[in-house]
Amino acid sequence: MKYSEYINGLLVDAYFSEDSVNNIFLPLLDKLVELHNVKNRRIVCFVAAPPGTGKSTLVSFLEYLFKKNYSTLKLQSLGMDGFHLYQDYLLTHEVNIDNKIVKMVEIKGNPLTFDVDRLNAKLNELISLKSLKWPIYDRTLHNPVEDQIEVDADIVLVEGNYLLLDKPKWKDLIKYADYKVFIDSDIEILKKRLVERKAKSSLSYDEAVKFVLNSDLKNALICKSSSVAPDLFIYTDKDGEFIKR
């Protein structure tokens, strides 16, 4: 199934096989509907994955697929990026990484550069309030923008790299998830995808490789090595095919 949508301000053309749709995605949506019917309340599903796995595109596609197949319930997809620390803070604060003091802005995207306390508070609202506002991340401003999405759905997919991270403060978030999905891929596949994605911006290929090795790939390894076991594990191969494991 071909799918085109603007993801983070860029038009993304994706393809999801009939096998993935019928054997992974629709059963996942059926499970979330079942949970809603049993618990009779809003259901929250975490979708965690390293950068480069296509999680943002996938949750957007799942929202589209849900609208096509379910008429009595509403599903929304939300991102974690709106909980980045503000750029002014990152520019003026430092952290110790591998016994080296670095500016936080140099490791933007690392778990340390997110406001996990604010995310915790907002997730508490998500399970407590019928309607609430959710922030987004503006790539042109390099900052979060508060209260941009009105959330009122019966089922909510929350996607982000570190939602299942087994680290102090982060692991406190897991209690908000009724269902947990993790998407993974081989590190060399992720590296290739991340470099190609970065090279589409204003960076040269060599600059893209340097950025990915110093930033995105390190974050991918954190996500891959330190996340708790999910309810559903999905792997993506070099061709972008999704496989249930």
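Visitor: How many bridges join strand β10 to β11, and what makes the two count as a pair?

Guide: Welcome! This is a predicted model, and in it four bridges join β10 (residues 179-184) to β11, with the two strands running parallel. Pairing calls for at least two bridges, so four are enough for the name. For a spot to look at, find I183, which stands opposite I234 in β11.

Visitor: In which sense do β11 and β12 pair, and over how many bridges?

Guide: Here the sense is antiparallel, and β11 and β12 (residues 242-244) share three bridges. The threshold is at least two, so this too is a pair. I234 appears again, standing opposite K244 in β12. The two strands form a hairpin with five residues between them, and G240 in the turn has a positive phi of about 85 degrees.

Visitor: How do you know that β11 is mostly covered?

Guide: Four of the five residues in β11 are buried. Buried residues of α5 pack against β11 (232-236), and also against α6 (205-225). In α5, the buried residues are I189, L190, L194 and V195.

Visitor: What does the span of α5 look like beside the expected one?

Guide: α5 covers residues 187-199, which is 13 residues, and reaches 18 Å from first C-alpha to last. At 1.5 Å a residue, 18 Å is expected, and the helix is close to that.

Visitor: Why are α5 and α6 called oblique to each other?

Guide: The angle between them is about 135 degrees, with their axes 9 Å apart. Over 145 degrees would be roughly antiparallel, and 65 to 115 would be roughly perpendicular. About 135 degrees falls in neither range, so oblique is the word that applies. The contact is made by residues including L190, L194 and R197 of α5 and F211, D216 and L217 of α6. As for handedness, α5 passes α6 in a right-handed crossing.

Visitor: Why is D216 called buried?

Guide: D216, in helix α6, has a relative accessible area of 14%. Buried means under 20%, so D216 qualifies.

Visitor: Which residues does D216 touch, leaving out those up to four places away in sequence?

Guide: P51, L194, R197 and F211. By contrast, the C-alpha atoms of D216 and K175, 41 residues apart along the chain, are separated by 27 Å.

Visitor: Why is β9 described as largely enclosed by the rest of the structure?

Guide: Six of its six residues (155-160) are buried, and that is the reason for the description. In a regular strand the side chains alternate between the two faces of the sheet. For β9, both faces are covered: I155, L157 and E159 are buried on one side, V156, V158 and G160 on the other.

Visitor: Which strands pair with β9 in the parallel sense?

Guide: β3 (residues 43-48) does, over six bridges, and β4 (residues 75-79) does, over five bridges. With at least two bridges required, β3 and β4 each count as a partner of β9. On the β3 side, the bridge partner of F46 is V158, and on the β4 side, Q76 stands opposite V156.

Visitor: Why is α2 said to be largely enclosed as well?

Guide: The reason is that 11 of its 15 residues are buried. Among them are K55, T57, E63 and F66. α2 (residues 55-69) reaches 21 Å end to end by C-alpha, close to the 21 Å expected at 1.5 Å a residue.

Definitions and conventions:
Residues numbered from 1 in each chain as written. Predicted model: local features only at pLDDT ≥ 70, side-chain atom pairs only at ≥ 80, totals over all residues. Heavy atoms only, no water. Expected span 1.5 Å × (residues − 1). Buried < 20%, exposed > 50% of the residue type's maximum accessible area, 1.4 Å probe, protein only. Contact = heavy atoms within 4.5 Å. Axes fitted to C-alpha atoms, helices over the stretch in contact; angles between N-to-C directions. Parallel < 35°, antiparallel > 145°, perpendicular 65-115°, else oblique. Left-handed = near helix turned anticlockwise from the far one by under 90°.
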